[in-house]
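Thanks for sharing this one with me. Here are some notes to read alongside the model.

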Amino acid sequence: MACLTLLLLPLLLTLNEARIHRLSLSNETRSVVHLNTFGYFANGTLEVNLTSLYLTQISKTNFSTNPVGFSLARSHVNGVLSYTAEETEKCTLLKTRSDDTLILFIIDPLTLSVQVKSFHEEDSILMADQKKEVKETRKKRDLDSGHTKDKAGENKDSTNKGEEKMVEDKTTKTKDAAGQELKDLEDKEKLKEEKDDEDKKDQKKQKDLEDKEKLKEEKDDEDKKDQKEQKDLEDKEKLKEEKDDEDKKDQKKQKDLEDKEKLKEEKDDEDKKDQKKQKDLEDKEKLKEEKDDEDKKDQKKQKDLEDKEKLKEEKDDEDKKDQKEQKEEKIEEHKKSITEFLSKKGKNINGMKLTLFKFKDSYNFTFHITMGAEDQGLYSLNFHNCYNMKPGIFSPYSLSVHITEKNPAGFLSAAEIPLPRLYICMAAMFLTAAIVWTSTLLKHRYSVFKIHWLMASLAYIKAVSLVFHSINYHFINTEGRPIEGWAVMYYITHLLKGALLFITLALIGTGFAFVKYILSDKEKKIFMIVIPLQVLANVAYIIIEETEEASSEYVLWREILFLVDLICCGAILFPVVWSIRHLQEASTTDGKAAMNLEKLKLFRHYYVMIVCYIYFTRIIAILLKVAVPFQWQWCQEFLIEVSTLVFFVLTGFKFQPASNNPYLQLPQDEEDLEMDEVVTESGALEGISKVKKTSNGRERQRDPAL
């Protein structure tokens with residue numbers, strides 16, 4: 001199970017960036033796309049950047065009756081109920097009234113504008129780009145209507161308009177000529193730059209060749225000098241040898257007298273040779289030092305050249321960047337000349353016309369909303385294409401939008417802000433309960449079974465999972481997205497916790513390791529069903545957490561999680577019911593009915609505990625989330641965690657290891673063994689053994705009963 005999670009996480013973590021949403025839909029045919037639901041406090045902000053919108057059949061579509069755009073509606077419910085409460089027959093963008101706060105952004109590709117409609121908007125602020133041409137055209141219309149009274153004034157206006165047209169024609173011509181001259185200058189500058197680059201490359205190549213030739217010549221001169229020195233040394237040595245031969249001949253004649261002189265001369269010769277060797281060594285060292293100095297100088301020159309080239313390249317890059325910045329500034333100035341950034345508050349938002357930009361076949365615009373104190377609440381952001389609401393008509397479109405939602409305290413929704421502290425506090429409580437349970441097991445070592453340690457591991461994993469969950473929400477609140485490492489650790493521990501929970505509950509319900517040591521065929525089938533379903537449920541949970549609400553897969557995986565979770569909750573009740581039936585049969589057939597009745601009561605209590613746990617965590621929690629205000633919806637998570645803690649504590653109390661616990665009393669004679677045969681009698685009688693107990697309560701020996 002953990003391996004499956006590790007394989008899926010790298011893919012899933014790339015799908016969503018938490019409260020900073022980046023959504024891309026292609027060939028979409030849904031008439032309504034639910035983008036997100038978020039709870040805003042006062043001064044909370046919503047920024048929507050529609051980066052690209054591709055529409056088909058624009059010429060055939062009547063956008064007055066089949067509009068396209070966004071809706072931001074305040075709602076009092078969340079989850080599945082919010083969708084069923086909406087009107088599905090009529091398009092939201094065509095509404096003329098609303099009972100609650102509603103803002104509509106209706107896109108008109110034909111006029112390149114976005115019309116804003118608002119209902120019950122009190123003190124929120126909308127900031128966006130608005131066209132300037134609207135005001136200028138209104139002024140011209142007012143001037144024209146004011147001058148229609150005087151005939152002479154009309155003649156003057158006509159002559160003035162003719163002159164203005166001539167001036168405009170001249171200005172357009174001069175602008176075109178200036179534009180052509182600028183283009184010619186840019187082309188010439190590009191050609192000059194290319195020529196300069198080629199000349200620089202040729203100069204570099206020539207310099208490199210010259211440097212190589214100089215180095216070769218210097219090396220040849222040095223080799224010649226070395227050869228001359230070697231020849232001189234050889235000539236000197238030859239002359240010395242000849243002289244020595246002559247001296248030897250003379251010495252033979254005058255041996256007695258010349259012995260002393262020979263010794264002196266030999267000593268002198270040796271001294272001279274030593275001096276010559278030393279001089280030769282010194283000369284070689286000097287040559288080496290000179291070569292090293294020359295190499296260092298060459299390296300310095302090369303470094304200087306490289307530094308100069310780098311500086312030139314950096315200057316060129318800076319020049320290019322400056323040119324790009326200038327171009328971008330010109331584009332922005334052009335946009336500013338067309339549009340102006342306006343902000344309106346409250347009821348003044350109604351009737352605004354925003355600028356819709358067009359690039360090739362895609363449309364884009366942005367808007368920013370700051371929520372006021374009276375407009376705070378839970379809002380749903382949707383995208384509508386009313387043309388696709390007609391039966392049998394599918395007009396595909398592509399959408400790419402960036403959404404940033406934020407509250408004054410961080411990127412978490414109003415109902416999620418207390419969750420990091422809630423999870424860390426509950427983790428401390430689960431850890432305390434796990435430590436107390438571990439100490440209890442260590443005190444009663446001789447009455448402890450393996451399932452007791454499984455219960456302890458479940459409590460520890462639950463505490464660690466809550467710690468990672470709290471850390472994950474902390475980073476979402478501060479940075480707007482989760483850290484992948486912490487998210488992976490949370491999902492792994494969450495998967496292990498879910499699997500261990502249902503396995504432990506099923507084992508306790510069957511009485512495995514407490515009353516019997518063999519599972520029946522029916523009980524084995526329960527485990528074969530519950531374990532794969534738990535893996536599927538955890539995979540569905542991870543996909544829901546890591547995908548956008550607007551994706552088509554989100555609703556499917558949410559329904560799968562809801563269905564699988566209900567199946568698992570129902571499946572763990574079957575072993576408890578079977579055990580209760582077996583104990584009822586054993587209490588009527590066995591002589592020791594008292595002990596069986598005590599076990600029967602314990603199983604009935606355990607059954608009621610499981611039903612209450614499922615009821616509180618699956619039904620009451622959802623009803624609580626719908627009933628409370630938006631800022632108190634975190635109480636749903638509080639109820640789930642507290643119910644889980646109470647269930648863990650009660651289960652541990654009921655099945656704690658103790659010698660007087662009726663559930664943990666194993667049979668001591670053959671009559672008790674017959675009752676165990678009834679409990680395990682569901683198709684698996686082979687292997688049933690008789691257990692003999694020692695004084696400490698643990699089994700010592702087993703003898704086959706059959």
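The points below go from the whole chain to a surface patch and then to one loop residue.

1. A word on the basis: this is a predicted model, in which local features need pLDDT of at least 70 and side-chain atom pairs count only at pLDDT 80 or more, while totals for chains, interfaces and linings use all residues. Residues are numbered from 1 along each chain as its sequence is written, and side-chain values use heavy atoms, with hydrogens and water left out.

2. The chain holds 14 helices and 15 strands (DSSP runs, H or I of at least four residues for helices and E of at least two for strands, numbered from the N terminus). Of its 706 residues, 37% are buried, meaning under 20% relative accessible area with a 1.4 Å probe and protein chains only.

3. Contacts (heavy atoms within 4.5 Å) reach far along the sequence: among those with a separation of 6 or more, 78% join residues 24 or more positions apart.

4. Do look at the positive patch on the surface, where K236, K240, K243, K272, K273, K276, K277 and K279 gather. Patch members have over 30% relative accessible area and no salt bridge, with like charges joined within 9 Å; a salt bridge is a side-chain nitrogen of Lys or Arg within 4 Å of a carboxyl oxygen of Asp or Glu. Helices α4 (151-253) and α5 (255-338) each give two or more residues, and α5 gives the most, with five.

5. Within α5 sits K276, which is partly exposed because its relative accessibility is 31%, between the 20% and 50% limits.

6. Finally, Q633 lies in the loop between α12 (593-627) and α13 (635-654). Q633 counts as buried because its relative accessibility is 6%. The C-alpha atoms of Q633 and A414 are 8.6 Å apart, although 219 residues separate the two along the chain.

Conventions. Patches are made of residues with over 30% relative accessible area and no salt bridge: like charges are joined within 9 Å, nonpolar side chains (Val, Leu, Ile, Met, Phe, Trp, Tyr) within 5 Å. Accessible areas come from the Shrake-Rupley method with a 1.4 Å probe; for residues, only the protein chains shown count as cover. Lys and Arg count as positive and Asp and Glu as negative; His and the chain ends are not counted. The place of a charge is taken as NZ of Lys, CZ of Arg, CG of Asp or CD of Glu.
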